[in-house]
Amino acid sequence: MEKSLDYKGRWRNHTVAFRVSDEEAKLLNDLVALSGLTKQDYITRRLLCRDVVVQGNPRMYKALKNQMTAIYEELKRMESISPDNDELLYTLQVIAITLDGLNRENPLLLQGQSHFPTENKED
C-alpha cells in the first residue's frame, strides 16, 4: 500500500481530535465552506497561525450564496440582534471580508449579481 502524501509531499500520520459544541461545529463548517479549503487544511492553517487565503471557485461561491441566504432568512425572523447571536455576526463578518477580497480580485465578478430574494420587487 502506497503512502498518501499531502500537497507538499509530506506523510501525515498523526491524528488530532477534539470535541466541539453543536454551535461551534456549525460555525466551523460554515467557515470551512466559505474558505474553499478542506476542513483538515482549514483547521491546520488556523492552528498554525497561517493565513487562510480564499481562492474563488464555484464551490466557495455556492457556499457564500447559501450562507447569505441563510443569514437573510435569519435576519428577517429576528426582531433584534442580541449577544446570543455571536456566531451569526461572526459569519456575517467573514462573508463581508470574503466579498471585499473577491471584489478587489475581480470587480466584475460580483457586480450586478443578486441571488437573494427581496421583500418588495416593485420598488
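**Burial and surface.** I began with how much of the protein is hidden, and I found that, of its 123 residues, 21% count as buried. I keep in mind that this is a predicted model, and that each value in these entries is computed from it. I then looked up the outer surface: the protein exposes about 9,900 Å², and carbon and sulfur atoms supply 52% of that area.

**Elements.** I went through the secondary structure next and noted five helices and zero strands, so that, read from the N terminus on, the elements run α-α-α-α-α. I also looked at how far apart in the sequence the contacting residues lie, and I noted that, among contacts with a separation of 6 or more, 53% are made by residues 24 or more positions apart.

**The salt bridge in α1.** I searched the whole structure for salt bridges and found one. It joins the side chains of Lys26 and Asp30, with a distance of 2.9 Å from N to O. Where do Lys26 and Asp30 lie? I located both in helix α1, four residues apart, which is about one turn of the helix. This spacing made me recall a general rule: an α-helix has 3.6 residues a turn, so residues three or four places apart point the same way. I then asked myself whether Asp30 is buried or exposed. Asp30 has a relative accessible area of 11%, and it counts as buried because this value is under the cut-off of 20%. Lys26, its partner in the bridge, has a relative accessible area of 52% and counts as exposed, because the cut-off for that word is over 50%.

**Helix α2.** I moved on to helix α2, which covers residues 39-47, and I noted that Asp41, Tyr42 and Ile43 are buried there. Against which element do the buried residues of α2 pack? I traced their packing to α1, the helix that also holds Lys26 and Asp30. After α2 comes Cys49, and I wrote down that its phi is positive, near 55°.

**A nonpolar patch before α1.** My last entry concerns the segment before α1, a helix that spans residues 22-35, for this segment is the place of Val16. Val16 is exposed, with a relative accessible area of 66%, and together with Phe18 and Val20 it makes a nonpolar surface patch of about 300 Å². Val16 can belong to such a patch because its 66% lies over the 30% of relative accessible area that patch residues need.

Note on methods: Residues are numbered from 1 along each chain as its sequence is written. This is a predicted model: local features need pLDDT of at least 70, side-chain atom pairs count only at pLDDT 80 or more; totals for chains, interfaces and linings use all residues. Side-chain values use heavy atoms; hydrogens and water are left out. Patches are made of residues with over 30% relative accessible area and no salt bridge: like charges are joined within 9 Å, nonpolar side chains (Val, Leu, Ile, Met, Phe, Trp, Tyr) within 5 Å. Accessible areas come from the Shrake-Rupley method with a 1.4 Å probe; for residues, only the protein chains shown count as cover. A salt bridge is a side-chain nitrogen of Lys or Arg within 4 Å of a carboxyl oxygen of Asp or Glu. Helices (H or I, at least four residues) and strands (E, at least two) are DSSP runs, numbered from the N terminus. Buried means under 20% relative accessible area, exposed over 50%, partly exposed in between (1.4 Å probe, protein chains only). Contact means heavy atoms within 4.5 Å.
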